[in-house]
Structure formats: structure tokens, C-alpha cells
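Here is a quick walk through one model, written for someone who likes to check backbone oddities and pocket linings before doing anything else. Have the viewer open while you read.

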Amino acid sequence: MPTQFEDQGYLVIPDFISPTVAAELKAHALHLVATTDADQPPTRFRPNGDQSSEYFLNSGDQVRLFFEDGAFDQDGRLTVDRAHAINKIGHALHVHDRAFRAVTLHPTVVRIAQGLGLQHPAVLQSMVICKPPRIGGEGTGRLSTISAAAPDPCVGRELTAIRYGQPAIRTWHLSLTLALSFSHPHIAGVATTEYAVPPHQDSTFLFTRPLSAIGFWIALENCHETNGCLQFVPGSHKDHPITQRLVRTADHHGTEMVSIEPVYGPGSQAPSGAMSSTSSDTFVSGEVAAGTLVLIHGSVLHRSSPNRSMASRFIYTFHAIELMAAYPADNWLQPTVDVPFTRLY
Ligand SMILES: O=C(O)CCC(=O)C(=O)O
């Protein structure tokens, strides 16, 4: 009997952290946005576009800020304050930030990795994806004016506990057969380019042989269709192989997407019949409450819509791979001498 993760390619685990801890982590992320040095001019993040800047390429062992493409004026200046222009913070929060490191390395995460059968799992990247209000929505893609709000100071008791090694994560009995809390199996059919995060499979970006990437995605705020929750094609990890990889160019100064022979994940194979449909109406929306953890199989197709609401949508995510698998030297993300991938156990 397959677990729901094996069957669907994702698993929703409510109450992974308490709403209070989630709020504290969001406040902490805003604090990082306010206090971390940014590239000058600030670097834009284009999920569908060129990720070839040195600032991006060498962010694997750093905590760096990336801003929304739609938050700049014609002269390349931010049109709103950072808190409303930030796309994401990445990609080594699990290394350098005590609060996010504590969440990443929490014993519950270890138990999940063990439950998934990983022998030598290692975390290779982490990020806070911010999706500020109304940014990246349909239309011009430019921000409306939003009044600047001072970032909250991160002084919460529970966050303090996290920082000093006593994560206030709720104790729960790990079950990989928890019911999915996804709802509304429908979204309007719109073009790929209208998605804040277009349809993708994580193993395209975090490729190993055999495939092993798994995403741990934690909602720091309530996520719903209006503010751009995750959307999945359930079961697509089984019959949709990885056919592309994001690699560094030969001169190591850029990235490019290259086609590869189809690679299927463990437990999946080339379908004997037609592949399952990935048209827009086969995506199901994952509306989850703050504090929910979603496990994401490296081959499952998923995406998220722009945030069309007045509220933000902060999440924290990190990805793990199996160190027993081969990690190609031309993957865009490379460990460094100072910051090797972080073993979970
Ligand atoms: O949070 C999102 O909107 C997208 C996240 C995602 O696609 C991922 O973590 O692989």
C-alpha cells in the first residue's frame, strides 16, 4: 500500500510548527530583509529567466536578497520599500541563520528523512520566499503604491527558544499517511508565464543520479489561492520524467537549461500508456494554514500563482538530496570548501 507521499508526490503535514513560531519566523525574515546588505543595484529574481549574475550563482553559501522584477522603475531603482519588494532570501539560511538552521535540522525533519528511507541526506539550499502583496500579479507586473511598514523586531520568546536550540516545534507522531488537506481541484487555465513560480520539477534544478531531491516547504502565513498557494499535479512524479537540467555554462559564469534523456525517479517508470495530463485544470491547489509543512517530491509538477491579495505570503523552504547519489559537477548549485552540503544525519 503506497503512502500518500509515494502516491501523490506531495504530503501536507499540518501543525509542523505553531502559528506563533511561524509568525516569529516571518518577523525574523523581515528583519533579515531590513538588515542584510543588498547587491547594488538590487538583483532581480526571474523564475523563468536569466539567473546568470555572479550574485545569484555564488549565493549557495550566502544569505542574499533577491527582489521582484516588477518592483523597479525604468532606471532600475526599487519603487517601494524592501519589505514590499523582496522576492526571496537565499540560499544558505540553514547554514548561517540560527533560527532557520534550528528548524531545518530539527529532529522531526530527521525522522521524516529516515521515514522516507534516505541513507545520507544533506540539505543543499534554503530560502524564504516572500511573495509580497499584489506583486507579480496580472497586468503590468508593477507594484501599486504600498505604504512602507517597519519590519517587526524579532524578539519573540518562541523564536528566542529556536535560536538557542530548543525549537518550539510541536511534537507530533510522524505518519506519512496523513490526510491531504488540499482542496478546490481547479484553477483557471492561464499561460505559464502568468505564474509567479511556473510549473516545474525540483530535480531539474537539484539533479542527482539516481534522482533524490525532496523539498520541505513550511508555510509561515496562511496560504490560499488568492495569495498564491502551491498547486500540484498529483501523481505526476510517477510518469513525468526529468528531461532538463539547470547547469552552469562551460565558462562557469552563467547557467543554461539543457535537455537530457528522460530520468524517472525511484518507484516510477515510463508509462505504458499516455502520460497523465498536465493541463491547467489538472493542478490542485494546496491551501494550508501557517505552520504547515508540505513535503515535495523532486519529480512532482508544481507551481504557484502571483499574490493578488493585500497580504503577504511568506514561506520557508529547504531541499535535501541523498549524498549516496551522484551530484554532477555542472549543477548550478555547488558546495564550497567553506560550506559543504549540510548533513541531516
Ligand atoms: O512557494 C512557492 O511559491 C513555490 C515553491 C516551490 O516551487 C519550491 O519550493 O519548489
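Let's begin at Ala-92, which sits in the loop between strand 4 and helix 5 (93–96). Keep in mind that this is a predicted model. Ala-92 counts as buried because it has 25 C-beta neighbours inside 10 Å, and the cut-off for buried is 20 or more. Its C-alpha lies 5.1 Å from that of Asp-61, although Ala-92 and Asp-61 are 31 residues apart in sequence. If you skip neighbours within four places in sequence, Ala-92 is in contact with Gly-60, Asp-61, Gln-62 and Val-63, and also with Ser-126 and Val-339.

Step back to His-91 and you are in strand 4 (residues 86–91). The peptide bond leading from Gly-90 into His-91 is cis, with omega near 0°. Another cis bond joins Arg-209 and Pro-210, with omega about -5°. Pro-210 belongs to the loop between strand 6 (197–200) and strand 7.

Phi deserves a look too. Most residues other than glycine have a negative phi, and most peptide bonds are trans. Asp-15 has a positive phi without being a glycine, and the same goes for His-252. Here are the backbone values side by side.

| Site | Feature | Value |
|---|---|---|
| Gly-90 to His-91 | cis peptide bond, omega | near 0° |
| Arg-209 to Pro-210 | cis peptide bond, omega | about -5° |
| Asp-15 | positive phi | about 60° |
| His-252 | positive phi | near 65° |

Where do you find Asp-15? Look in the loop between strand 1 (10–13) and helix 2 (19–35). Asp-15 is partly exposed, since 14 other C-beta atoms lie within 10 Å. His-252 is also in a loop, this one between strand 9 (242–248) and strand 10 (255–263). Is His-252 buried or exposed? With 10 C-beta neighbours inside 10 Å, His-252 counts as exposed.

Now for the ligand. Which residues surround the ligand? They are Ile-129, Val-197, Asp-202, Gly-215, Trp-217, Leu-230, Ile-296, His-302, Ser-304, Ile-315 and Thr-317. Strand 7 (214–219), strand 13 (302–304) and strand 14 (315–322) are the elements that each give two or more residues to this shell. Sorted by class, the shell has six nonpolar, four polar and one charged residues.

Strand 13 turns up again in an open sheet of four strands, ordered 6-13-8-11 with antiparallel pairing. Strand 6 and strand 11 (284–286) are the edge strands, each pairing on one side only. On average, neighbouring strands in this sheet are turned by 25° against each other, direction ignored. Strand 6 and strand 13 run antiparallel and are joined by two bridges. His-302, named above among the residues around the ligand, is the bridge partner of His-200.

Last stop: the nonpolar interior. The largest nonpolar core has 78 residues, and those touching the most other members are Ile-89, Val-128, Ile-218, Leu-220, Val-294, Leu-295 and Ile-315. Helix 2 gives the most to this core, with eight residues. Ile-315 is worth a click, being part of the ligand's surroundings as well. So is Val-294: leaving aside neighbours within four places in sequence, Val-294 is in contact with Tyr-10, Val-12, Trp-217, Leu-230, Gly-286 and Val-288. Of those partners, Trp-217 and Leu-230 are also found around the ligand.

Terms used:
Residues are numbered from 1 along each chain as its sequence is written. This is a predicted model: local features need pLDDT of at least 70, side-chain atom pairs count only at pLDDT 80 or more; totals for chains, interfaces and linings use all residues. A residue is near a molecule or strand if its C-beta atom, placed from the backbone, lies within 6 Å of it. Ala, Val, Leu, Ile, Met, Phe, Trp, Tyr, Cys and Pro count as nonpolar, Asp, Glu, Lys and Arg as charged, and the others, Gly among them, as polar. A residue is buried if 20 or more other C-beta atoms lie within 10 Å of its own, exposed if 12 or fewer, and partly exposed in between; C-beta atoms are placed from the backbone. Two strands pair if DSSP finds at least two bridges between them. Axes are lines fitted to C-alpha atoms, for helices over the stretch in contact, and angles run from 0 to 180 degrees between N-to-C directions. A nonpolar core is a set of buried Ala, Val, Leu, Ile, Met, Phe, Trp, Tyr and Cys residues joined through C-beta atoms within 7 Å. Two residues are in contact if their C-beta atoms, placed from the backbone, lie within 7 Å.
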